[in-house]
Amino acid sequence: MFSMKKLAGVAAIAATGLVLAACSGPSADNSNSSSSSPSAAAPSSGGPLKVAVVTHGSAGDAFWNVVKNGAEQAGKDLNVGVDYYADGDPGNQAKLIDNAVAQKVGGLVVSMANPQALQTSIQNAVKAGIPVVTINSGEDSSAAFGAIAHVGQSEGLAGQGAGQRLKAAGKTKLLCVIHEAGNIGQNQRCDGAKQTFGTVTTLQVDISNPTDAQSRIRGALQSDPSIDAVLALNSQVAARAVSAAKEASSKAQVATFDLNADVVAAIKDGSILFAVDQQQYEQGYLPIVFLKLYKENGNTIGGGHPVQTGPGFVDKTNIDTVAPYAQRGTR
């Protein structure tokens, strides 16, 4: 068995945000190995504890690949079997949770972009004696649904921070681009930006149709030349926003949530002002640590409050430090 002394050491490192230094980096590639059901997954390596990670990530989404990398690396470090599943449709995500419960997994990690759609499935997991850690979205519903912890960033506060930075940069009218309908966290980000920035217009696009998303952003900028800032809520949308601003001959500068290789390059060349970094590798890694401690030592964490992984901010002042980690798939 993985010793409690060693486990406590890993937990302490993780809790201080130094997981990346402690790990050699993930061996997982950057593909999204989502599955339609846990029964379709390949057998997991690892010890007696088996954990299912079920997220709302879209296929090929760089953000969720990093979450997956974190969860799988934690599984290797802690001798825990980890299976990762993803589906952007809330109903399908609920079915993935139900399937994991039916397979009697030892722990469950769930992102809750649409909490109400997942409530019954999560509560059924809790009733079955399966400890649940929620991540990324839905922190306000986490404890009420019976989860033992939530790991993520407070989206409203992150939005406030983004709004403050854009206002300090001299911007006066902001377009906030929502890319997933019904995602409560994205609305909270735009609402937070409104509180600190001032004049904010929201635009709904579909992340699964990037060409149309770029067209819609371009159209919004062309119809209102007074927009001088665009806040994307996803790194892939940010790249489209940069292209849209160029096509529209707009003065608008782009900021974004989350990192990928394109955002790193764009921050370096000045086409993106900054990225709000919620350090999603920790959102994959830390829940596995917490579930291991809970199952083997009865530990809980957070005292009913979320474990915050962000917001951090990446701009030209620190991009050279962060870039190598983004390249290897841990930021």
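Does Lys104 count as buried or exposed, and at what relative accessibility? In this predicted model, Lys104 counts as exposed because its relative accessibility is 72%, over the 50% cut-off for that class. Lys104 sits in the loop between α4 (90-102) and β3 (107-111). Its phi is positive, about 60°, although Lys104 is not a glycine. Most residues other than glycine have a negative phi, and most peptide bonds are trans.

Ser249 can be read in a similar way. Its phi is near 50°, a positive value in a residue other than glycine. Ser249 lies in the loop between α10 and β9 (253-257), and its relative accessible area of 70% makes Ser249 exposed. A departure in the peptide bond itself is found at Gly310 and Pro311, which are joined by a cis bond with omega about 10°. Pro311 belongs to the loop between β11 (307-308) and β12.

The chain as a whole comes next. Its secondary structure comes to 13 helices and twelve strands. Of the 331 residues in the chain, 53% are buried. The exposed surface is about 13200 Å², and carbon and sulfur atoms supply 49% of that area. Among contacts between residues at least 6 apart in sequence, 75% join residues at least 24 apart.

The interior can be followed through its nonpolar cores. The largest has 33 residues, of which Leu175, Ile217, Leu221, Val230, Leu259, Ile267 and Ile272 touch the most other members. At least two residues of this core come from each of β6, α9 (210-223), β8 (229-232), α10 (235-247), α11, β10 (272-277) and α13. The most is given by α10, with six residues. Apart from this core lies another, of 28 residues, including Tyr84, Val133, Phe290 and Val307.

Leu175 shows what a member of the largest core touches. Leaving out residues up to four places away in sequence, the contacts of Leu175 include Thr201, Thr202 and Leu203. Ile217, Ala220 and Leu221 are also among the residues that Leu175 touches, as are Ile227, Ala229, Val230 and Leu231.

How many disulfides are there in the chain? The count comes to one. A disulfide is a covalent bond between the sulfur atoms of two cysteines. Here the bond joins Cys176 to Cys190, with 2.0 Å from S to S. The link of Cys176 and Cys190 is left-handed, with -85° about the S-S bond. The pair links distant parts of the chain, 14 residues apart: Cys176 is in strand β6 (residues 174-178) and Cys190 in helix α8 (residues 184-197). Cys176 counts as buried because its relative accessibility is 0%. Cys190 counts as buried too, at 1% relative accessibility; the cut-off for buried is under 20%.

Helix α11 can be examined through Ala266, which is found in that helix. At 8% relative accessibility, Ala266 counts as buried. Ala266 and Ala239 are 27 residues apart in sequence, and their C-alpha atoms are 8.3 Å apart in space. With neighbours within four places in sequence left aside, Ala266 is in contact with Ser271 and Ile272.

Two further helices are worth following, beginning with α12. Why is α12 described as largely enclosed by the rest of the structure? The reason is that 14 of its 18 residues are buried. The length of α12 (residues 280-297) can also be checked: at 1.5 Å a residue, the 18 residues should span 26 Å, and the end C-alpha atoms are 26 Å apart, which agrees. After α12 comes Gly298, with a positive phi near 70°.

In helix α13 (residues 319-328), the buried residues are Ile319, Val322, Ala323 and Ala326. Seen down the axis of α13, the buried residues fall within an arc of 115°, so they line one face of the helix. Asp320 and Thr321 are exposed on the other side of α13. The cover over the buried residues of α13 includes α11 (261-269) and β12 (312-314). Gly329 follows α13 and has a positive phi, near 90°.

Technical notes:
Residues are numbered from 1 along each chain as its sequence is written. This is a predicted model: local features need pLDDT of at least 70, side-chain atom pairs count only at pLDDT 80 or more; totals for chains, interfaces and linings use all residues. Side-chain values use heavy atoms; hydrogens and water are left out. Helices (H or I, at least four residues) and strands (E, at least two) are DSSP runs, numbered from the N terminus. The expected span of a helix is 1.5 Å times one less than its number of residues. Buried means under 20% relative accessible area, exposed over 50%, partly exposed in between (1.4 Å probe, protein chains only). A disulfide is a pair of cysteine sulfur atoms within 2.5 Å. The arc is that of the directions from the helix axis to the C-beta atoms. Contact means heavy atoms within 4.5 Å. Accessible areas come from the Shrake-Rupley method with a 1.4 Å probe; for residues, only the protein chains shown count as cover. A nonpolar core is a set of buried Ala, Val, Leu, Ile, Met, Phe, Trp, Tyr and Cys residues joined through side-chain atoms within 4.5 Å.
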